Amino acid sequence: ELLTTQVQLAELQVRMALYEDASKSVEALASTIEKQLGAQAFAMSEVRYLQGWLMLLAGDYKGSDDFLREAARIASLTMGKPLGEDGKVKVHPMVVTSSAKIAEKSLSQGRFDEARNIYDSVLKSFYATEVKPTSLSFAELQEVYAVLCEHTGRPIESFQRLQEASEMRQLVPGMHADAMVHSNLLLAQQEINLGSYRGARATVDNTLIILEKASFCSRLDKCHMSHLQAQLSFLVDVDLDGADAHYKEAISHMKALVGESHPSVALLQLEHAYILMEKKDFEGVDALLKVANSTITLTFGKATGHLSAVHRLQGLVHRDKGKYEEADYVLQSALLVDGSRDWAAAFIAGDYARPPQPRTVQVVQDLEAL
């Protein structure tokens with residue numbers, strides 16, 4: 001019972017974005033369990049899952065993958081394949097949740113097809129577990145799947161899944177306030193993505209009221225709130241200075257959480273660079289793009305859609321400076337490093353069929369305007 005409580009505490013620390021405390025707790029747990037129960041005990045699968053989760057948050061995708069697969073292996077080995085009331089073999093929840101985190105890792109790496117294949121399998125397996133569909137784990141699965149839907153051009157499905165996740169979170173005992181804040185932040189982001197700015201502003205204002213009464217607000221939630229306010233300042237208020245300030249706040253929170261060289265910081269820096277470009281602060285843009293480019297290349301390699309975003313901004317800066325040939329060259333480079341490279345090559349060769357990825361559409365529109 002003591003070990004179970006300690007595992008639950010470590011998981012709570014991860015959820016509250018207390019990553020340093022969680023890392024210490026998990027490390028101590030791993031040592032204790034190995035000494036008392038052995039490295040292949042089921043409790044170790046729970047610890048390996050938390051270690052994989054923390055590494056995913058830290059951007060260590062290889063280490064995360066290793067620990068998550070180990071968690072699933074130990075759970076399968078120690079718990080076997082339980083039988084449900086209908087006599088059919090059930091999938092153990094730890095196997096399902098570990099697989100879901102592996103899919104989340106693929107999504108973070110921009111491997112959308114891989115992530116979708118894993119998620120589709122995980123969703124089927126989830127109904128074959130003893131876990132109720134209203135559980136927190138299922139809500140989290142729906143939320144991350146919603147992100148995948150957004151990246152693959154399915155914004156309406158993304159919004160629907162977030163609404164379902166919000167309803168599920170509110171059914172989790174003792175988590176109503178936390179559920180409202182977390183779900184509202186996700187819903188507000190999707191409302192922005194869908195162009196429903198008035199709805200997003202109302203959701204953000206409602207969440208700020210909830211946060212004023214809340215006894216705790218994680219730094220991660222503060223980061224998300226600043227990010228939302230930055231987007232609304234730009235898109236609704238056309239307040240570049242306000243957007244600039246909010247992006248600085250969001251980046252500061254994210255750096256404090258995961259360090260300066262994390263891909264999440266780099267992606268926020270790319271958005272911030274766009275605001276600076278609108279302010280004609282080209283030196284500031286260049287500085288942010290240099291740092292973001294280094295982080296993204298080290299994390300994802302040179303053939304990633306994230307890197308295409310860097311090239312796109314560089315191309316737009318050249319355009320605003322009147323350097324149209326340089327802009328054309330860099331924007332075409334943005335297409336060639338995108339996840340749809342075969343399609344991009346065809347476009348440059350003269351085949352103007354529309355691309356499958358929303359991100360690629362933006363670059364194409366930039367090239368057409370140029």
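This passage describes the overall fold content, the largest nonpolar core and the surroundings of two helical residues in a predicted model. Residues are numbered from 1 along each chain as its sequence is written, and side-chain values use heavy atoms, with hydrogens and water left out. Because the model is predicted, local features need pLDDT of at least 70 and side-chain atom pairs count only at pLDDT 80 or more, whereas totals for chains, interfaces and linings use all residues.

The secondary structure of the protein consists of 18 helices and 0 strands, where helices (H or I, at least four residues) and strands (E, at least two) are DSSP runs numbered from the N terminus. Of the 370 residues in the protein, 47% are buried, a class defined by a relative accessible area under 20%, with exposed residues over 50% and partly exposed ones in between (1.4 Å probe, protein chains only). The accessible surface, computed by the Shrake-Rupley method with a 1.4 Å probe, comes to about 18,300 Å², and carbon and sulfur atoms account for 52% of that surface. Among contacts (heavy atoms within 4.5 Å) with a separation of 6 or more, 56% join residues 24 or more positions apart.

The largest nonpolar core, a set of buried Ala, Val, Leu, Ile, Met, Phe, Trp, Tyr and Cys residues joined through side-chain atoms within 4.5 Å, contains 27 residues, of which Val-26, Leu-29, Ile-33, Val-47, Tyr-49, Leu-50 and Leu-54 touch the most other members. At least two residues of this core are supplied by each of α1 (2-15), α2 (19-36), α3 (42-57), α4 (61-79) and α5 (93-108), and the greatest share comes from α3, with 7 residues. When neighbours within four places in sequence are left aside, Leu-50 is in contact with Val-7, Ala-10, Glu-11 and Val-26.

A further set of contacts involves His-253, which is placed in helix α12 (residues 240-258) and is buried, with a relative accessible area of 17%. The side chain of His-253 makes a polar contact with the side chain of Arg-219 at 3.1 Å; such a contact is a pair of N or O atoms within 3.5 Å, and within protein one must be able to donate a hydrogen and the other to accept it, while residues adjacent in sequence count only if both atoms are side-chain atoms. Not counting residues up to four places away in sequence, His-253 touches Arg-219, Lys-222, Cys-223 and Ser-226.

Lys-222 lies in helix α11 (residues 219-235) and counts as partly exposed, at 39% relative accessibility. With residues up to four places away in sequence again excluded, Lys-222 touches Cys-217 and His-253. Lys-222 and Glu-249, 27 residues apart in sequence, are 8.8 Å apart in space, C-alpha to C-alpha.
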